[in-house]
Amino acid sequence: MIFAFFILGLIIGSFLNAVIYRLKAVESLWERSHCPKCRKKISWHDNIPLLSFVLLSGRCRSCGETISWAYPLTEFFTGVLFALVASCFFVLGDATTYLPTLFYLIIFSLLIIIFVYDFQYMEIPMLIFWLATGISILYYLIIDWGIFQSQAGGFSLNLFSGVLAGAIVAALFFVLTYFSKETWMGYGDVYMGFLVGLLVGWPAVFLSLTLSFTIGALFGVGLVLFSRRTMKSQVPFAPFLIFGIILTILLPEIFPKLGSFLFYM
Ligand SMILES: [Zn+2]
């Protein structure tokens with residue numbers, strides 16, 4: 001079952017690559033894929049996730065242009081994330097797990113688009129941001145309403161917790177951006193800060209931001225040590241925020257004990 005989700009992730013990952021490229025190029029999403037250099041259409045058997053990249057040794061069949069490693073990497077990590085979501089949330093015999101599974105598959109897919117897009121173009125695709133925000137609010141309304149009706153634990157306002165955490169992080173990031181004159185982070189990160197809070201809620205948002213800043217700092221130090229970049233080089237920040245979100249959502253599911261330790265320290 002987990003393996004089926006991995007394969008589904010590879011296929012969705014291939015679709016996400018197409019979305020990322022076409023968001024930038026403003027092309028129709030339903031047109032067949034073509035090589036960006038020679039513009040020759042790619043046949044279906046040269047468009048199989050991971051496998052085609054290996055078989056063609058990373059080159060276009062007609063013009064020999066090298067294909068970016070970003071494509072198979074995106075496919076592979078989408079596959080891995082889909083498998084993780086399935087193992088954390090999905091139980092075939094329990095229909096109540098279907099909605100959370102679907103929600104996290106969609107949200108993680110949208111986060112992967114923002115991750116790769118910001119990494120390549122240093123810009124947040126706002127359409128994807130609004131989609132993720134809208135879908136999260138809708139999901140919270142549905143589960144909050146379910147909890148409210150069952151009266152099991154009284155109120156559990158996921159939406160309230162998410163919007164509160166999101167507003168606080170967005171305000172903090174806005175201050176950092178404004179006073180650093182966009183040298184520490186950009187206005188796109190203010191929107192991303194809201195999404196971090198909305199997705200992980202209060203108080204997990206502290207864990208999420210700590211993870212993001214730690215991974216970001218390690219990456220920054222590595223970049224200075226192993227390349228010619230200086231501390232002043234601009235590094236997109238959204239990928240680190242997304243690492244933080246995904247780890248904060250998945251870690252407590254993978255390690256329940258670690259999760260309760262981190263959340264109730
Ligand atoms: Zn070509």
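A residue counts as buried at under 20% relative accessible area, as exposed at over 50% and as partly exposed in between, with a 1.4 Å probe and protein chains only. The model is predicted, so local features need pLDDT of at least 70 and side-chain atom pairs count only at pLDDT 80 or more, whereas totals for chains, interfaces and linings use all residues. Residues are numbered from 1 along each chain as its sequence is written, and side-chain values use heavy atoms, with hydrogens and water left out.

**Exercise 1. The chain as a whole**

Task: State how many helices and strands the chain has, and what percentage of its residues is buried.

Solution.
Step 1. Helices (H or I, at least four residues) and strands (E, at least two) are DSSP runs, numbered from the N terminus. The chain has 10 helices and zero strands.
Step 2. Of the 265 residues in the chain, 41% are buried.
Step 3. Contact means heavy atoms within 4.5 Å. Among contacts between residues at least 6 apart in sequence, 64% join residues at least 24 apart.

**Exercise 2. Two aromatic pairs**

Task: Determine which kind of pair F173 and F213 form, and which kind F219 and F240 form.

Solution.
Step 1. A pair of aromatic rings is described by the distance of the centres and the angle of the planes. Rings of Phe, Tyr and Trp (its six-membered ring) pair if their centres lie within 6.5 Å; planes under 30 degrees apart count as stacked, over 60 as edge-to-face and the rest as tilted. The structure holds 25 aromatic pairs.
Step 2. The ring centres of F173 and F213 are 6.4 Å apart and the planes stand at 90°, so this pair is edge-to-face. The pair links distant parts of the chain, with F173 in helix 6 (residues 158-179) and F213 in helix 8 (residues 204-226), 40 residues apart.
Step 3. F173 is buried, at a relative accessible area of 0%, whereas F213 is partly exposed, at 37%.
Step 4. F219 and F240 form a tilted pair, with 5.3 Å from centre to centre and 55° between the planes. Because F219 lies in helix 8 and F240 in helix 9 (residues 238-254), the pair ties together parts that are 21 residues apart in sequence.
Step 5. F219 is partly exposed, with a relative accessible area of 36%, while F240 counts as buried at 7%.

**Exercise 3. The surroundings of K24**

Task: Identify which acidic residue forms a salt bridge with K24, and which ring K24 lies over.

Solution.
Step 1. Side chains of opposite charge can pair when their charged atoms come close. A salt bridge is a side-chain nitrogen of Lys or Arg within 4 Å of a carboxyl oxygen of Asp or Glu.
Step 2. The partner of K24 is E123, with the closest N and O atoms 3.6 Å apart. E123 lies in the loop between helix 4 (98-121) and helix 5 (126-150) and K24 in helix 1 (residues 2-25), so the pair ties together parts that are 99 residues apart in sequence.
Step 3. E123 is partly exposed at 39% relative accessibility, and K24 is partly exposed at 37%.
Step 4. A charge sits over a ring if NZ of Lys or CZ of Arg is within 6 Å of the ring centre and within 35 degrees of the ring normal. K24 lies over the face of Y121, at 4.9 Å from the ring centre.

**Exercise 4. A salt bridge between two loops**

Task: Locate D46 and R61 in the chain, and classify each as buried, partly exposed or exposed.

Solution.
Step 1. The side chains of D46 and R61 meet in a salt bridge, at 2.6 Å from N to O.
Step 2. D46 lies in the loop between helix 1 and helix 2 and R61 in the loop between helix 2 and helix 3, so the pair ties together parts that are 15 residues apart in sequence.
Step 3. D46 is buried, with a relative accessible area of 13%, whereas R61 is exposed, at 58%.

**Exercise 5. Two packed helices**

Task: Decide whether helix 7 and helix 9 are roughly parallel or roughly antiparallel.

Solution.
Step 1. Axes are lines fitted to C-alpha atoms, for helices over the stretch in contact, and angles run from 0 to 180 degrees between N-to-C directions. Helix 7 (residues 187-200) and helix 9 pack at about 0°, with their axes 10 Å apart.
Step 2. Angles under 35 degrees count as roughly parallel, over 145 as roughly antiparallel, 65 to 115 as roughly perpendicular and the rest as oblique. Helix 7 and helix 9 are therefore roughly parallel to each other.
Step 3. Residues that make the contact include M192 and V196 of helix 7 and L241 and I245 of helix 9.
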